[in-house]
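Grab a pencil and have a go at these exercises. Try each task yourself before you read its solution.

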Amino acid sequence: MTQEAVGAAEKHLRDILSMAIQHAPPHAAMVVSDTRCDLAVALTEAYRRCLPAATFIDFDAVVPDAVLAAFATLEANDLVILIQSTNFRLEAFRIRVELFKRGLKVIEHPHLSRMPGPQALYYIESLAYDPGYYRGVGYALKARIDSARMGVVESGGERLVFASPFEPAKLNIGDYSEMNNVGGQFPIGEVFTEAQDLEAVNGRVRIFVFGDTSFHVNRPQQPITLVIVKGRVSAVLDSTPDFDQVLANIRADEGEVWLRELGFGMNRAFSRERMVSDIGTYERMCGIHLSLGAKHGVYNKASIKRANARYHIDVFAVTDAVYLDDEQVYRNGAWQV
């Protein structure tokens, strides 16, 4: 990673720390990182520049109990930053969940090794925090989603119709003022919902990327068309063996393939042309993503038993236009609200 790239990361992270996380003395900061990939090393150096007084721990140089002991020294509203080439494991300790329970702020950068070379530069760019854009567009989208009676996604000549009001939209825009926890996984940039009546979703949608069984971005040579009937995938056109395997896994465990999440990605660093391999990062891409499978921890549906819901597979729609009621809210690759 060049010094220019580290400098860009420093600028973006400084903005996140001050404007989104609102971290400032006398609260302490602790950075737990590894050195297994160039992007992890670059982000760690950028945080050293932003937080010279922070405690820095090399996850691979200490035993897990030492990390847990370090966490125990922190007080509410202190900050923990996790820079992970993969995903840190501390036995049964669910790191972010447990840290939130203690009232700590958390910034998490997982699966960085999945984004080598030019992808690392896209990732750094995706950390840029523009509060006017994220909060302005984010809250405007939420207001329109929450009041809409229906919606349409136009996708490569196909139409997917949500003939139902939507669940109250959730925001991931770097504004934690109304939330119980401060922070989460970065980069940010998403508003998401789903139909109140899942069976009111019908039509077709073309997807150009899906999350495969290894949680990587899988891009087929041509878009795959999903046929949705009463909220379920009833047929697939132009499929691939990898996508067939995803559907087979869902059907084997859940019996059918529900379409649930309707995600409005907002991060302008990612597009159909500018991709990263980690599906959880690429999920922020500016455009529409959907989820396949019955699992969605945010919204409960009486018709779906949470104990039997195992899959939440992100798929990314060819997004030409998005309508909420009669208002077009997406065109020419950008949100129009």
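**Exercise 1. Find the loop that holds P26, then look at its peptide bond.**

Step 1: P26 sits in the loop between α1 (3–20) and β1 (29–33). Those labels are DSSP runs numbered from the N terminus: helices are H or I with at least four residues, strands are E with at least two.

Step 2: Now check the bond between P25 and P26: it's a cis peptide bond, with omega about 10°.

Before going on, note that this is a predicted model, where local features need pLDDT of at least 70 and side-chain atom pairs count only at pLDDT 80 or more, while totals for chains, interfaces and linings use all residues. Residues are numbered from 1 along each chain as its sequence is written, and side-chain values use heavy atoms, with hydrogens and water left out.

**Exercise 2. Do the same for P187.**

Step 1: Look between β8 (183–185) and β9 (190–193), and you'll find P187 in that loop.

Step 2: F186 and P187 are joined by a cis peptide bond, and omega is about 10°.

**Exercise 3. Work out the phi and the surroundings of F215 and K230.**

Step 1: F215 belongs to the loop between β10 (201–211) and β11 (217–218). Its phi is positive, about 65°, although F215 is not a glycine.

Step 2: Is F215 buried or exposed? F215 has a relative accessible area of 51%, so it counts as exposed. The cut-offs are under 20% for buried, over 50% for exposed and partly exposed in between, with a 1.4 Å probe and protein chains only.

Step 3: Move on to K230, in the loop between β12 (224–229) and β13 (232–237). K230 isn't a glycine either, yet it has a positive phi of about 50°.

**Exercise 4. Describe the whole fold in numbers.**

Step 1: Count the elements: the protein has eight helices and 19 strands.

Step 2: Compare the radius of gyration with the globule rule. The radius is taken over C-alpha atoms, and the rule is 2.2 Å times the number of residues to the power 0.38. For 337 residues a compact globule would come out near 20 Å, and the protein has 20 Å, so the two agree.

Step 3: Add the extents: the C-alpha trace spans about 55 × 40 × 40 Å along its principal axes.

Step 4: Turn to burial: 55% of the 337 residues are buried.

Step 5: Finish with contacts (heavy atoms within 4.5 Å). Of those between residues at least 6 apart in sequence, 74% join residues at least 24 apart.
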